[in-house]
Amino acid sequence: MRVWTEADVRAGVAVTDVIESLTDVLAHEVAGSAWNLDKTMASWPVGGATGSAHALGAVDLESDLAVFKTWVNTPAGASAVMTLFGATDGRTLGVTEAGTAGALRTSAIAGLATRLMADPAADELAVLGAGRQAFRQVEAVAAVRELRRVRIWNRTPAKAEELAEQLRTGSGLVADAVPGPGDAIQDCPIVTLITRAAEPFLDLADLAEGAHLNALGAILPSHAEFVPSSLAAADLTVVDSEPNARRGSRELREFDDWPAVHTLGELVTGKTSRPERPRLTVFKGMGMGLSDLAVARVLLGAAP
């Protein structure tokens, strides 16, 4: 049985590899040989904020792999562990610390959604939120679009400037902190939400014509980043897992137009596609076991 530390994952897994692995895994899901074990969770008050515990998993018969991940997230910090098993013989293949793996799978699925849903000519990204996940989110979008500029907004301006400096020095990107959400999204073709917001702060009607939105921060049933009714502006709405979205996305539950919602697997396999001239496209990521399994395939050397 192998054990991977956070340092091992950082050194051995690239977001580009996870994007390609995830593409394969989602194709397996659509073919019926891979599936999620639906997320379960509990939440509790922590001071004036919220703590939460989560568990999910996935099986991919074509990769002969089953994974389970558990984690706890609080305002003071978070930790996660993923266990890998052989799907055929039940052997324990390994255990990995999964904080970095979680950031990789969350960013990779946004990168894949951006590749399939954003304007091919899009060259600018706005990131609203500058927490633990934000750097990887920029990295994933930069892997699928040639970015001319990144704009960053955060409720704490110093954190936005810190992320901008990290991107300038670590990735060589042109990155600027901006004073407000409106400054971030104005005329911007790709927007990523990765915040801890409990209440909606963005109206999707304010996004640029033809923009693509990755909404990734509100994964608790009580939380929302964008105004649910403003989802009417979208010509294409996609989720990673519809069962998880039905249970956990306040935005989609309150908008309540499930026949209009597609899955990323449908996009990967061509069962649906980006409209030719959309007003807006939206990807709502809730987190799912198959995304973690995609990272596990790379760790095991099973992915291309």
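**View 1. Helix H3 and its length in the predicted model.** In this predicted model, the 19 residues of helix H3 (residues 99-117) should span 27 Å at 1.5 Å a residue, and because the end C-alpha atoms of H3 are 27 Å apart, the expected span and the modelled one agree. Helix H3 is also mostly covered, since 16 of its 19 residues are buried.

**View 2. The packing of helix H3 against helix H4.** Helix H3 (residues 99-117) and helix H4 (residues 134-144) pack at an angle of about 35 degrees, and their axes are 8 Å apart. The way in which H3 passes H4 is a right-handed crossing. On the H3 side, the residues that meet H4 include Ala 103, Leu 104, Ser 107, Ala 110 and Gly 111, while on the H4 side Arg 136, Gln 137 and Ala 140 are among them. Taken by character, the residues of this contact divide into seven nonpolar, six polar and two charged.

**View 3. The open sheet of six strands.** The strands of this open sheet follow the order S1-S6-S5-S4-S3-S2, and their pairing is mixed. Strand S1 (2-4) and strand S2 (34-46) are the edge strands, each of which pairs on one side only. When direction is ignored, neighbouring strands of the sheet are turned by 10 degrees against each other on average. As background for looking at any such strand, the side chains in a regular strand alternate between the two faces of the sheet.

**View 4. Strand pairing from S2 through to S5.** Strand S2 and strand S3 (residues 49-60) run antiparallel and are joined by eleven bridges, and one of the residue pairs to look for is Asn 36 with its bridge partner Ala 58 in S3. Strands S3 and S4 likewise pair in the antiparallel sense, over nine bridges, and here the bridge partner of Leu 56 is Lys 69 in S4. The hairpin of S3 and S4 has four residues between the strands, and Asp 64 in this hairpin takes a positive phi near 50 degrees. Strands S4 and S5 run antiparallel with ten bridges between them, Val 67 stands opposite Leu 84 in S5, and the hairpin that joins S4 to S5 does so through two residues. Seven of the ten residues of S4 are buried, so this strand is largely enclosed by the rest of the structure.

**View 5. Helices lying across the sheet, with Ala 294.** Helix H2 (residues 15-31) lies across S2 and S3 and runs at about 110 degrees to S2. Helix H10 (residues 289-300) lies across S1, S2, S3, S4, S5 and S6, and runs at about 65 degrees to S3. Ala 294 lies in helix H10, and because its relative accessibility is 0%, Ala 294 counts as buried. Leaving aside neighbours within four places in sequence, Ala 294 is in contact with Val 18, Ser 21, Leu 22 and Val 25.

**View 6. The surroundings of Leu 193.** Leu 193 is found in strand S10 (residues 190-193), and with a relative accessible area of 0%, Leu 193 is buried. Although Leu 193 and Val 127 are 66 residues apart in sequence, their C-alpha atoms are 6.1 Å apart in space. If residues up to four places away in sequence are not counted, the residues that Leu 193 touches include Leu 128, Phe 201, Leu 202, Leu 213 and Phe 226.

Notes
Residues numbered from 1 in each chain as written. Predicted model: local features only at pLDDT ≥ 70, side-chain atom pairs only at ≥ 80, totals over all residues. Heavy atoms only, no water. Pairing = 2+ DSSP bridges. Axes fitted to C-alpha atoms, helices over the stretch in contact; angles between N-to-C directions. Contact = heavy atoms within 4.5 Å. Left-handed = near helix turned anticlockwise from the far one by under 90°. Nonpolar A, V, L, I, M, F, W, Y, C, P; charged D, E, K, R; others polar. Buried < 20%, exposed > 50% of the residue type's maximum accessible area, 1.4 Å probe, protein only. Expected span 1.5 Å × (residues − 1).
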